[in-house]
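Good morning, and thank you for making time for this presentation. Please look at the sequence and the structure as they come up, and we shall go through them together.

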Amino acid sequence: MLGEGILKGLLETGKNFVGSYHDPQRMVTVEYPENKIAAKENARNFPFLVFDGDDAMKGLRCVACQICEKECPPQCIYIIKDTAKKPDYVGKPQFQPKVFDIDVSVCMSCQICVEVCPFEAIKMDTEFELSNPDRFGGLLLDKHALAKSNDYYRKIHPTEASEVDTRLAAEKAKIEAKAKADAEAKAKAAAAAAAAPPKPATPDQTSPPK
């Protein structure tokens, strides 16, 4: 029928209009900024750096491999690797970024940095209220501003964070088991060497016969 599509569209608009007065699912307008709608779990905005433990700088997962810097399409990530290894939150020596900056005025929130990171060190935030009167310096975030705890990551992306924590825990347990097995093998070898009888001394072949 001619005009059927227009009638269907008007009917849908009418349903939305009437429903907006009594249906909570259709009440989409909130008094922002006094009232805010919680971000969806799969929402993403600009990246942040994940750290473990209580010390943000010691616990950074980032090891300054610079893969994210190389793969970033708008080239908004700038990294300088520290020249010396420093102990992380568990005391393991690791390279860390001496400088890690992200220019969020250029960042396109593509999430490629997250996808290429092999250390689960950089993730996408849901924070969007980043207006700043300083267009350049105020939107250039250093590693101190970018560092956020793993607890924060669990809060905004619980499903994804749970999967990451499970995988990292499994990898850590595997490494610890291998280290323990190597230590036990070395201890057994040392004990066997200590328990073995001494070898008899061989006569000096260079000494003249009597």
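Leaving aside its neighbours within four places in sequence, with which residues is Leu 139 in contact? Before I answer, let me state that what you see is a predicted model. The contacts of Leu 139 are Ile 102, Asp 103, Val 104, Ser 105, Leu 130, Asn 132 and Asp 134. Leu 139 itself sits in the loop between strand 6 and strand 7. Is this residue buried or exposed? Its relative accessibility is 15%, so Leu 139 counts as buried. To place it against another part of the chain, take Pro 33: the two C-alpha atoms are 21 Å apart in space, and the residues are 106 apart in sequence.

Let me turn to the chain as a whole. It contains six helices and eight strands, and along the sequence they follow the pattern α-β-α-β-β-β-β-α-β-β-α-β-α-α. The radius of gyration is 30 Å, whereas a compact globule of 210 residues would have one near 17 Å. Taken along the principal axes, the C-alpha atoms fill a box of roughly 125 × 40 × 35 Å. Of the 210 residues, 25% are buried. The accessible surface comes to about 15100 Å², and carbon and sulfur atoms account for 59% of that. Among contacts between residues at least 6 apart in sequence, 68% join residues at least 24 apart.

Next, Lys 123. This residue belongs to strand 6, which covers residues 122-124. Why does Lys 123 count as buried? Because its relative accessible area is 4%, and the limit for buried is under 20%. Its side chain makes a polar contact of 2.4 Å with the side chain of Glu 120. Beyond four places in sequence, Lys 123 touches Phe 46, Pro 47, Phe 48, Val 50, Val 114, Tyr 153, Glu 160 and Val 164.

I come now to the salt bridges. How many are there? The count comes to twelve, and I shall discuss three pairs and one network.

The first pair is Lys 8 with Glu 4, where the closest N and O atoms are 3.6 Å apart. Both residues lie in helix 1, residues 4-19, and because they are four residues apart there, about one helical turn separates them. Lys 8 counts as exposed at 54% relative accessibility, while Glu 4 is partly exposed at 36%.

The second pair is Lys 36 with Glu 129, with 3.1 Å between the closest N and O atoms. This pair links distant parts of the chain, 93 residues apart: Lys 36 is in the loop between helix 1 and strand 1, and Glu 129 is in the loop between strand 6 and strand 7. Lys 36 is exposed, at 53% relative accessibility, and Glu 129 is partly exposed, at 35%.

The third pair is Asp 165 with Arg 61, a salt bridge of 3.9 Å from N to O. Asp 165 lies in helix 6, residues 158-195, and Arg 61 in the loop between strand 1 and helix 2, so the pair ties together parts that are 104 residues apart in sequence. Are these two residues buried or exposed? Asp 165 and Arg 61 are both buried. They also belong to a network of salt bridges that links Asp 52, Arg 61, Asp 151, Arg 154 and Asp 165.

That concludes the presentation, and I thank you for your attention.

Definitions and conventions. Residues numbered from 1 in each chain as written. Predicted model: local features only at pLDDT ≥ 70, side-chain atom pairs only at ≥ 80, totals over all residues. Heavy atoms only, no water. Helix = DSSP H or I, 4+ residues; strand = E, 2+ residues; numbered from the N terminus. Buried < 20%, exposed > 50% of the residue type's maximum accessible area, 1.4 Å probe, protein only. Polar contact = N/O pair within 3.5 Å; in protein donor to acceptor, adjacent residues only side chain to side chain. Contact = heavy atoms within 4.5 Å. Salt bridge = Lys/Arg side-chain N within 4 Å of Asp/Glu carboxyl O. Rg over C-alpha atoms; globule rule 2.2 N^0.38 Å. Areas by Shrake-Rupley, 256 points an atom, 1.4 Å probe, with all protein chains shown as cover.
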